[in-house]
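Me: Please pick one part of this model and go through it closely. I would like to see how that part fits with what lies around it.

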Amino acid sequence: MTVLLPFIVNAGLNFVLGLLVALFLGPEAFGLYAIGAAAVVLINTALLDWLKLSVVRFYSLGTRESDPGIRATLDLLFLGVTLSLCALLAAALLAGIDAGLPAVLLMVSVAGGIAAGWFDYHAAIARARFLDAAYARLVLVRSIAALLLMVFGAWLTRDPTIVLLGGVLSAVAAVLANRRRLADGKPAPGALRTDLMRSFARYALPLVASNAVYAAIPLLNRAILAESHGFAEAGYFSLASDIGLRLFPVLASMLEIVLLREVIRLDETRGRVAAQKRIARNMVVVVACVLPVALGFWLVLPSFERLFVPASFRGHFAGHMALLLPGFAAIALFQAGLAPVFLLAKRTLVAILASLVGLAVNLAIILALPGALAPVTVSVAQSAAYLCALLVMAVFALRALPVLPPLREIMCILAAGAAMGLTLWLLRDALPAALELPLQIGLGGLVYAGVILTCDVGRWRTGLKLRWLARRSARR
């Protein structure tokens with residue numbers, strides 16, 4: 001629970017953060033801010049994310065003692081990449097290269113990418129060493145500091161650059177507050193170990209390349225909208241996109257933390273086949289968690305928009321979000337359900353193929369249609385890109401597993417989703433938003449959970465019954 005609590009709090013704060021920043025900046029300034037924020041994600045993903053992934057796969061409590069050179073090499077690599085990135089930025093500014101962003105915003109975006117990478121790197125260290133309390137502090141300090149600094153900056157200055165700077169400071173503050181706890185007691189002396197660097201690169205760079213393509217798709221789409229329709233239209237699209245890209249990856253990370261630990265333990269103790277069978281069963285859990293969030297969010301969009309979305313974004317937000325939601329669900333299904341297949345086997349090259357297919361689909365939809373580009377076309381293109389990438393990954397992942405996810409349980413999940421969907425549909429636009437939204441969430445959740453437990457999906461009903469019997473016998 002300690003490791004899950006910060007994810008839950010972080011998801012809630014991210015909702016509030018995006019909506020408040022949009023409220024104070026307005027559509028046009030928010031559009032410029034969103035392009036800078038997407039650049040932050042792309043810089044972190046393309047240049048620093050491979051170190052986080054290497055921590056997850058190669059660094060642990062055991063290797064911390066047996067091979068301290070792993071941590072030392074990772075630290076030196078992070079420093080080297082950061083200095084190289086700063087040198088490239090300085091050279092670009094001195095040469096007068098036009099990156100399409102104001103120079104100050106570009107500098108803050110680069111700093112934001114480095115800060116986000118530094119935070120993710122230390123968060124991965126905390127997870128690898130099972131320091132749940134330190135991990136919780138990292139996430140909570142960053143989330144709360146970002147909410148305070150970014151929202152205050154948006155309210156005070158209406159300047160996208162100041163808002164992004166608040167995000168930089170929040171990530172740095174979170175790491176500094178926990179850095180001593182995450183440091184190795186006996187740092188390894190010596191220079192960079194090239195053998196480890198090659199191992200890290202072979203494992204992580206294919207994943208990084210694919211993730212960089214995924215991160216480039218929203219940035220590309222925002223830039224296309226800003227060029228064709230102005231920053232205000234890019235802001236409408238970006239609010240929906242940002243909320244989805246914050247919520248669904250957080251949901252996937254929560255599932256990944258809970259489920260991947262057991263997969264790795266099985267791989268170490270009972271062998272690869274047992275771990276792969278667990279992955280197949282975990283896919284049921286992932287679908288059972290992602291489906292109600294995506295479907296439920298779509299069905300409560302009218303009441304959610306009336307209650308929470310700033311007036312200047314209303315109408316545009318729901319239109320974009322309804323089209324983007326399938327793509328967001330695809331991201332969560334891939335990250336939590338399919339990615340463990342390739343992480344376990346260290347077969348990550350297929351991820352590049354899937355991401356390139358997604359990028360090609362995105363561009364084909366945007367460029368193939370004749371006439372003026374409609375804003376909703378960009379939302380359709382982004383969702384189609386992520387769905388096609390999911391399909392490619394699913395084909396390879398399911399072929400690699402010794403067993404498939406239980407079809408009966410998948411059908412039960414779909415039936416539960418249909419029952420929940422019918423319940424929520426009947427309540428749409430029936431009451432004031434302040435009453436309708438909580439009623440939809442409560443009744444929809446009860447209906448969905450009722451069908452899931454009745455069908456004993458994932459043996460959850462059996463597990464709850466056994467826990468109840470164990471507590472009952474303990475009281476006697």
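Reply: The answer below starts with one helix, moves to a pocket, and then turns to the core, a cavity and three single residues.

The model is predicted, so local features need pLDDT of at least 70 and side-chain atom pairs count only at pLDDT 80 or more, while totals for chains, interfaces and linings use all residues. Residues are numbered from 1 along each chain as its sequence is written, and side-chain values use heavy atoms, with hydrogens and water left out.

Helix α15 covers residues 433-455 (helices are DSSP runs of H or I with at least four residues, numbered from the N terminus). Its 23 residues should span 33 Å at 1.5 Å a residue, and the 32 Å between its end C-alpha atoms agrees with that. The expected span is 1.5 Å times one less than the number of residues. The buried residues of α15 (buried is under 20% relative accessible area with a 1.4 Å probe on protein chains only, exposed is over 50%, partly exposed is in between) are A433, E436, L437, Q440, G444, Y448, I452 and C455.

Both sides of this helix have a residue to note. In the loop between α14 and α15 sits D429. D429 is not a glycine, yet its phi is positive, about 60 degrees. Its relative accessibility is 53%, so D429 counts as exposed. After α15 comes D456, whose phi is also positive, near 55 degrees. D456 lies in the loop between α15 and α16 (460-475). At 12% relative accessibility, D456 counts as buried.

α15 also helps to line the second largest pocket, along with α1 (5-58), α9 (272-299), α10 (301-308) and α14 (407-427); each of these supplies at least two residues. A pocket is an open set of points on a 1 Å grid over the protein atoms alone, with protein on both sides within 12 Å along at least five of seven lines; a cavity is a set where a 1.4 Å probe fits but cannot get out, and lining residues have an atom within 4 Å of a point. The space in this pocket is about 570 Å³. Of its 21 lining residues, V293, G296, F297, V300 and I441 lie nearest the centre. The lining has 17 nonpolar, four polar and no charged residues (Asp, Glu, Lys and Arg are charged; Ala, Val, Leu, Ile, Met, Phe, Trp, Tyr, Cys and Pro are nonpolar; the others, Gly among them, are polar).

F297 reappears in the largest nonpolar core, which has 143 residues; F297, F30, Y33, L239, F317 and M321 touch the most other members. The largest share of this core, 20 residues, comes from α1. Such a core joins buried Ala, Val, Leu, Ile, Met, Phe, Trp, Tyr and Cys residues through side-chain atoms within 4.5 Å. Residues up to four places away in sequence aside, F297 touches F15, I243, L247, P292, F304, M321 and L325 (contact means heavy atoms within 4.5 Å).

Helix α1 also holds D49. With 7% relative accessibility, D49 counts as buried. Beyond its neighbours within four places in sequence, D49 is in contact with N44, V208 and N211.

Helix α9 takes part in a closed space as well: α8 (231-269), α9 and α11 (316-345) each give at least two residues to the lining of the largest cavity. α8 gives the most, four residues. This cavity holds about 60 Å³ of space, and its lining has seven nonpolar, two polar and one charged residues.

Note on methods. Grid points are joined across faces, edges and corners, and a volume is the space filled by probe spheres set on the points.
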